[in-house]
Amino acid sequence: IEQRSRFSSTSNDKSTNNGNATDENPSIMSTVLQGPSLLYTSLHRPSPSLMMMPGLRSLPVWTSYDAKSNTNRIAYQDPTVTKIVQHLQSQVMEIRDEYLSASSSLDSDYDESSRGEHSDSSLHTGTWDWHSYLLQGRTQPDFCLHFPNTTRILGELQPDIFMGTPFGFCFFSKLAPESTIQAHTSPINFRLRVHLPLVVPSDGDVGIRVGPTKHKWITDQALVLDDSYEHEVWNHSKEERILLLVDIWHPDVRMQEREEIINMFQHAQEQGWLGKDGQQQNKEKGDGLKSEHFLI
């Protein structure tokens with residue numbers, strides 16, 4: 001049985017029946033469905049834990065580094081992902097220099113109790129430090145203060161950086177020696193995640209698995225992944241692995257859809273159906289919509 005949770009993200013919906021807004025044709029609407037059943041096989045497929053947007057191109061990794069030509073090939077030759085990768089790689093020295101200069105005097109802002117999809121204490125072993133530009137879709141003033149050049153560079157990614165939803169993150173990610181991030185999937189499939197490697201250990205076993213394939217980071221060469229595929233990370237070395245992680249909109253999500261998705265999540269949070277971190281609220285609130293109806 002198909003269950004639908006449908007709500008308008010604005011108050012100026014098209015109206016019928018003597019001016020009363022209908023549930024059939026609101027002006028800006030996103031719909032979350034529960035069902036149909038999902039079919040899983042032994043092969044790796046995108047498996048977001050919260051919601052799946054249909055019709056998006058899907059690959060575990062969108063980049064392939066060619067050492068002979070020293071170029072980073074982009075899947076589908078996608079112009080949006082290409083532009084983002086080229087922009088970040090062209091600024092990588094400035095980003096790295098600023099991080100190494102400023103970060104040593106700052107405390108990590110990684111907090112398991114308030115990091116939404118990253119809040120599970122069993123997700124990682126060892127030490128994983130963050131310095132966050134974007135947390136759950138919101139820019140962080142401390143980052144802007146201490147990393148002004150990186151803030152400017154990231155600001156130039158608008159409107160493609162994944163802002164405005166509880167699932168948008170961008171941070172310097174430092175994984176200490178002998179640390180791991182366990183296999184997991186993202187809550188959604190309509191973002192991509194960019195890793196810009198700043199410091200990659202030269203010794204030991206350091207890498208990431210996305211879907212069935214293991215990859216090694218190459219300093220200064222962006223790796224773009226679809227983290228709705230199962231993925232895991234490890235640093236079995238004596239050195240720190242440092243990268244800039246940037247969430248971006250999946251390039252197949254159109255501008256109108258981005259606005260509708262942002263408004264949907266904002267409305268859901270205002271109604272109490274979701275917390276600020278995107279987690280389900282236990283209470284029922286507003287328009288008779290039960291909180292469990294929001295989740296797939």
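Five helices and 17 strands make up the secondary structure of the protein chain, and bear in mind that this is a predicted model. Of the 296 residues in the chain, 47% are buried. Sequence-distant contacts carry a lot of the count here: among contacts with a separation of 6 or more, 72% join residues 24 or more positions apart. On the outside, the chain exposes about 14600 Å², with 47% of that coming from carbon and sulfur atoms.

Now for the rings. The structure has 16 aromatic pairs. One of them brings together tyrosine 99 and phenylalanine 172, in a tilted arrangement with 4.7 Å between the centres and 50° between the planes. Tyrosine 99 belongs to helix 2 (residues 92–102) and phenylalanine 172 to strand 10 (residues 170–175), so this pair ties together parts that lie 73 residues apart in sequence. Are these two residues buried or exposed? Both tyrosine 99 and phenylalanine 172 are buried, that is, under 20% relative accessible area.

The pair doesn't stand alone, either: ring pairs join Tyr99 and Phe172 with Tyr133, Phe143 and Phe147 in a cluster.

Rings also turn up with charges over them. In two places, the charged end of an arginine sits over an aromatic ring:

| Arginine | Ring beneath the charged end | Distance to ring centre |
|---|---|---|
| Arginine 57 | Tyrosine 76 | 4.7 Å |
| Arginine 241 | Tryptophan 217 | 4.9 Å |

So much for the charges; back to the cluster for a last look. Tyr99 and Phe172 are both members of it, and they come from a helix and a strand respectively.

Definitions and conventions. Residues numbered from 1 in each chain as written. Predicted model: local features only at pLDDT ≥ 70, side-chain atom pairs only at ≥ 80, totals over all residues. Heavy atoms only, no water. Helix = DSSP H or I, 4+ residues; strand = E, 2+ residues; numbered from the N terminus. Buried < 20%, exposed > 50% of the residue type's maximum accessible area, 1.4 Å probe, protein only. Contact = heavy atoms within 4.5 Å. Areas by Shrake-Rupley, 256 points an atom, 1.4 Å probe, with all protein chains shown as cover. Phe/Tyr/Trp six-rings, centres within 6.5 Å; stacked < 30°, edge-to-face > 60°. Lys NZ or Arg CZ within 6 Å of the ring centre and 35° of its normal.
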